Amino acid sequence: MRYTTSTRSGKELPVTGKYWFNDITMKSVYLLIFLVLALSVKNGYCKIIDDRTVNNKDAILRIPFGQNNVIIYHLATGSYDVTFYGGVNIRQATAIAGMADTLGDVRPLQRSADMAYVRYTKTPVSSPLGHAVLYKILRKTSTGVLMEQDFTVFTSKDYFLVKARFSHVRGPVNYCSPLSAATIDLDWAGENYTLRCPFDNDMWARYETARLDTVHFVSSEVSTVFNADRAGLVIGSLEHKIWKSGIRLESTSAHSLRLTAFGGYTNATVTHDRRPHGVVRSADGSTCSPQMMVGYFGDWRTGMEAYAKNNRLTEPPFIQSWKGATPVGWNSWGVLQDKIDLPSAKGVVDFFADSCKLFRTKDRKLFIDLDSYWDRMIKNGLGGDVGELKSFVDYCKSRGFEPGIYWAPFTDWGKQGSRRVEGSDYTYQDCWTSINGKPLDVDGGRAMDPTHPATRRRIIKYIGFFKSMGFKMIKIDFLGHATLEADHYYDPQVKTGMEAFCSGMEFLDSLLDNKMLVYAAISPNLATARYVHMRRIACDAFKSISETAYALNSLTYGWWQSHLYDYMDADHVVFKGGASGENRARLASAVMTGTLITGDDYSKPGPWRTTARRLLQNQALLALVGLDGKSFMPYTINVGNGAGNIFEKRVGDKLYLGVFNYAAQPGRFNVLYSKLGVKSPSKVTMIMGGKETKCSLSSQALNMELPKQDAAIFCLEP
């Protein structure tokens, strides 16, 4: 008999039993192996149970985690329950793989409940989220279909991770859920709420909260169920490279609902897809669901921040983190828009250089960004006369500023198929994304296949041009066009919209080569985080109080994304045409979000110049922006798709409050010290506010009065 063993190099070495082992040695080896396995099982390092140990339908596997939480897995039925110490119970969750159509209706191909239990293993692992224990449960069918359910648990965290992998399923799979058709019971008094999140920030998308007894919707990627005391259950996907994920919530009462967390979510309005999700199948023929995080938190806001931080750990940034100070600057789309030209761009530079000298980053920089229509400064394309654009770049730098540019890398606005794609021999119709053989238009632009050589050569051409001109910032827009599900992609290995998006964004980033500040405009909320430094939280907000309220809807329920990105941004801050209170509110919304991009035409005289000199040079505000660039979190919410009125942020022993009055009449607001988690402050300073703004302290609360359509920012010190 011959045996083989392996070296560290991976080579196999022939070993002859006659010379290597004798009977006594073999018995000793077997005894040693037995003792190691016995000790491993005793100490919880490895546990294997096969199907011979399961003899009745009531056999269960208990998986403890966190602070007195437990997953109870029913080995015979393939379902599991979860009990959280905070009064949340998940019952009869299962796993499923299937095919979903354009309406989201699912044809199941395989369910965990229809599969027989085989075995499970328990292994300590080192995960991106810390030391954990991984439970793997294997099930099978008589026809050879296999399912592996993975539960990753932590001794110090009140959440777990779950995913399911199906192998040898007969037929394609574009829908997969590791937590399907579960009943959620809440042992909470009072009213309960849920959150619906949009997929992106396009077309003025809004977040929405609803009372639990009215819920019937799908939230994109993540959701939370919470109560008036802020206790909450957070469920969300930690994977965005392959799947678009959804959290389906359907009310059964004021204290219970049905919930499914799944990969394979498409919707014509939310994700802008007009065909079902692409088929997901790995090289070995298996389909793995997205990994879902499921956890209980005493404060749902803390839970959403933990979810964001975990996303950044499980899918770390492809781009290098921003090393400079929190960015501030100016963008031409605020007012100039299609009227941008060289004299106006230079005039804006002069205003900031000569009349607004204190509006700078912490490291004394300012970004001056040309948005769409910058190409009016060139003649005959990128290879023609680019003198005016180069003049802007040089002038900007000569006055100590960082020039920025704008581009939409995956969108064709011309829509004339016979046009040659810049930098290639292809025509545009060669690289359009198609559905049922027809090109796809979304939000006025035609989608381009991110994997097509023409799209990539166009990216090479433009990015090379921007770098050669000396731009230090780029605002990239309409990135959602790269995520669309299609008939096919040029790269045959790419089957889903998210795979196409990742392929395109990685290619784009590789060319940018960490030479610029990368700012995303319209883009997916979560998946974009790996590829940019900064992202607007809401789309096209300018000056009015209603636009401020719209932007703050996204901050109220999406502030946690500032722990996913280096920075979030509230879009253009425009003063022209706004009342003084509206100007303060618009500026405060930017400070609350984290960075500050203004947008008036400062090349021309007007009251906006006076406003800018007063507000943009407020050193207390700029110092607050420069601290860490992280968003304020909501103190209040607004049931529906509105915005909260009060936001909070703790920095050291100081607590900052942003207060907004959206109404057309004066408003009264108060914050309870107990709900802020602080004692009565000894000092309250108003950093920004109107002359009619009032503030008073009581033994239990801070009471404030604001004029109509206005905002104020306060600092509380112990």
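**Figure 1. Surroundings of I474 in the predicted model.** Not counting residues up to four places away in sequence, I474 touches I405, W407, I463 and F466. Its further contacts under this criterion are L512, M516, L517, V518 and Y519. I474 is also among the residues with the most contacts inside the largest nonpolar core, a group that further comprises F352, W374, F392, F466, Y602 and L616. This core contains 128 residues. Apart from it lies another core, made up of 42 residues and including Y117, F160, V162 and V215. In soluble globular proteins, nonpolar side chains tend to be buried together.

**Figure 2. The largest cavity and its lining residues.** Five cavities of 30 Å³ or more are found in a search of the whole structure, and the volume of the largest is about 60 Å³. Its lining is formed by H240, N311, R312, E315, P316, P317, L526, A529, R530 and L564. Classified by residue type, this lining holds five nonpolar, three charged and two polar residues.

**Figure 3. Strand 39 and its pairing with strand 38.** Strand 39 spans residues 654–661, and seven of its eight residues are buried, so the strand is largely enclosed by the rest of the structure. Strand 38 (residues 646–651) runs antiparallel to strand 39 and is joined to it by six bridges; K649 has Y656 of strand 39 as its bridge partner. The hairpin of these strands has two residues between them, and G652 adopts a positive phi near 65 degrees.

**Figure 4. Pairing of strand 39 with strand 44.** Seven bridges connect strand 39 with strand 44 (residues 710–717) in the antiparallel sense. The bridge partner of N661 in strand 44 is D710.

Notes: Residues numbered from 1 in each chain as written. Predicted model: local features only at pLDDT ≥ 70, side-chain atom pairs only at ≥ 80, totals over all residues. Heavy atoms only, no water. Core = buried A, V, L, I, M, F, W, Y, C linked by side-chain atoms within 4.5 Å. Buried < 20%, exposed > 50% of the residue type's maximum accessible area, 1.4 Å probe, protein only. Contact = heavy atoms within 4.5 Å. 1 Å grid on protein atoms, 1.4 Å probe; cavity = no way out; pocket = protein on both sides within 12 Å on 5 of 7 lines; lining within 4 Å. Points joined across faces, edges and corners; volume = space filled by probe spheres on them. Nonpolar A, V, L, I, M, F, W, Y, C, P; charged D, E, K, R; others polar. Helix = DSSP H or I, 4+ residues; strand = E, 2+ residues; numbered from the N terminus. Pairing = 2+ DSSP bridges.
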